[in-house]
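Open your viewer and get ready to click along. Each stop tells you what to select and what is there.

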Protein chains: 2
Amino acid sequence: MAKKIKIEQDTSTEEKIKEAARKVFSKKGYAATRTRDIAEEAGLNLALLNYYFRSKEKLFELIMMEKVQKLFGVLAPVLNNKNTSLEKKMELIAINYIDLLTVIPDLPLFVLSEIRNNPARFGEKMQVGKLIQNSIFVKQLIKKRPDLHPLQFIMSLLGMTLFPFIARPLFNSVGVLGQKEFDLLMEQRKALIPKWINLILKSK
Amino acid sequence: MAKKIKIEQDTSTEEKIKEAARKVFSKKGYAATRTRDIAEEAGLNLALLNYYFRSKEKLFELIMMEKVQKLFGVLAPVLNNKNTSLEKKMELIAINYIDLLTVIPDLPLFVLSEIRNNPARFGEKMQVGKLIQNSIFVKQLIKKRPDLHPLQFIMSLLGMTLFPFIARPLFNSVGVLGQKEFDLLMEQRKALIPKWINLILKSK
DNA sequence: GTCTATAACCTGATAGAC
DNA sequence: GTCTATCAGGTTATAGAC
């Protein structure tokens, strides 16, 4: 029974390739990534990529799916919770995103730019739109502020929360902010954004 | 004197190529763009690109320079104006950006993602950082709110203003918003953002 | 499963005719 | 200045040995 258990170090070849692919795709984007880069990053041979994943395209779609799920995974459990107030929902969204992006800062810029570069790859996502539009969150928003389109508030919340991470490559290249200082500001924002969004919600 | 004047239709071959390059680079990013795409878009031959611009890289750098200047061109004239209040500056930034991006919506996502994909191309920009940090705008911000890092407010202003345009490819692919409706919301935001940012500035 | 070697294709760039 | 034809190099994917 204990014969061939061997603790899977999740360093299986397949996982090694996926990890390398995450890193290289995120850094350079799909088009600029060569399969050789991924193989080298994984310390493996090029042929293995095709053995495990058939093609560069298929491997990318796998990684991309992961990323999109991570990005929407923050929203999904919050939007339709009947037991939380509108204000609490917005706070949760801000805090959860900042916590996530502190670990994976390039997530939103990666997903958004790949969608832009190749919208064809994102055909049948129409459902997501309806899902958000019919959410309890949006209903609460409309009830509280029937005078404005709910997207005005959603864009402001997400803008304040996600934009710093999207613009981070610029901050870095411009040398205006170090890694540590940035993380500190983001930690602060977890309290600031809910406060500020509440001001906006109440303003008439 | 009126011999060979001929109204330059700015349809010179060189300009045709640049226009096509703007379009294709913006749509697909540097790496995914083939010089053949640009030539075809311009209705011209591939060899002309190299005749006029030496290489794909040189042509791209030209376009990129234009785009970066457009993006920072909104900030530059506002930041060091001694005759405008902090509040007025923020209003101008929001309004000018929305007006600009209504015409060139993909500008910020293009610039940010290319910087991310190839930070090496943006080496000696350190000056820009200092220029912003020493601006009158930042001084006014620190004086008004010495309790918080000025970037907390700048990120919020730019996030609220730029994020809708950055996330637009997603909105489109998700089918949540039409072109016309989007433009209407942005027009509304020109009044909303200054109002909201003022609330944030005053909050203690 | 993993490797080397190579096929098949594509891309940026140029030579040379007009 | 503009075109066609082509080269040189790089890229994905696969065949086949181990």
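Which of the 16 residues around DNA strand D come nearest? Select A:Arg34, A:Arg36, B:Thr13, B:Asn45 and B:Tyr52: these are the ones. Keep in mind that this is a predicted model.

**Stop 1: DNA strand D**

Keep DNA strand D on screen and show its atoms within 4 Å of the protein. Of these, 62% belong to sugar or phosphate, and the rest belong to bases.

Now go to the phosphate oxygens. Select A:Thr35. An N or O atom in its side chain is 2.8 Å from a phosphate oxygen of DNA strand D. Move to A:Lys56. Here a polar backbone atom is 2.8 Å from a phosphate oxygen of the strand. Then try A:Thr33, where a polar backbone atom and a phosphate oxygen of DNA strand D are 3.4 Å apart.

Next, colour the helices. Three of them each supply at least two residues of the surface near DNA strand D: α2 (35–42) and α3 (46–53) of chain A, and α3 (46–53) of chain B. Which element gives the largest share of that surface? It is α3(B), with four residues. Colour by class as well. You will find six nonpolar, six polar and four charged residues on the surface near DNA strand D.

**Stop 2: DNA strand C**

Switch to DNA strand C. It is surrounded by 15 residues. Select the closest: A:Thr13, A:Asn45, A:Tyr52, B:Arg34 and B:Lys56. Of the strand's atoms within 4 Å of the protein, 58% are in sugar or phosphate, and the rest are in bases.

Zoom in on A:Tyr52. A polar atom of its side chain lies 2.6 Å from a phosphate oxygen of DNA strand C. Then pick A:Thr13. An N or O atom in its side chain is 2.7 Å from a phosphate oxygen of the strand. Cross to chain B and select B:Lys56. A polar backbone atom of B:Lys56 is 2.8 Å from a phosphate oxygen of DNA strand C.

Which elements give two or more residues to the surface near DNA strand C? They are α3 of chain A, with α2 (35–42) and α3 of chain B. The largest share, four residues, comes from α3(A). By class, this surface divides into six nonpolar, six polar and three charged residues.

**Stop 3: aromatic rings**

Leave the DNA and show the rings. How many aromatic pairs does the structure hold over all chains? There are 16.

Start with A:Phe165 and A:Phe182. They pair edge-to-face, at 5.5 Å centre to centre and with 85° between the planes. This pair links distant parts of the chain: A:Phe165 is in helix α10 (residues 150–166) of chain A, and A:Phe182 is in helix α12 (residues 179–202), 17 residues apart. Both A:Phe165 and A:Phe182 are buried.

Now select B:Tyr51 and B:Tyr52. This pair is also edge-to-face, at 5.1 Å centre to centre and 90° between the planes. Why does B:Tyr51 count as exposed? Because its relative accessibility is 66%, and exposed means over 50%. B:Tyr52 has 33% relative accessibility, so it counts as partly exposed.

**Stop 4: a ring cluster and two charges**

Select A:Phe25, A:Tyr30, A:Phe60 and A:Phe110. Ring pairs link them into a cluster. Stay on A:Tyr30 and add A:Arg121. The charged end of A:Arg121 sits over the ring of A:Tyr30, 4.5 Å from its centre.

Finish in chain B with B:Tyr30 and B:Lys56. The charged end of B:Lys56 sits over the ring of B:Tyr30, 4.4 Å from its centre.

Methods. Residues numbered from 1 in each chain as written. Chains lettered and ligands numbered in written order. Predicted model: local features only at pLDDT ≥ 70, side-chain atom pairs only at ≥ 80, totals over all residues. Heavy atoms only, no water. Near = heavy atom within 4 Å. Polar contact = N/O pair within 3.5 Å; in protein donor to acceptor, adjacent residues only side chain to side chain. Nonpolar A, V, L, I, M, F, W, Y, C, P; charged D, E, K, R; others polar. Phe/Tyr/Trp six-rings, centres within 6.5 Å; stacked < 30°, edge-to-face > 60°. Buried < 20%, exposed > 50% of the residue type's maximum accessible area, 1.4 Å probe, protein only. Lys NZ or Arg CZ within 6 Å of the ring centre and 35° of its normal.
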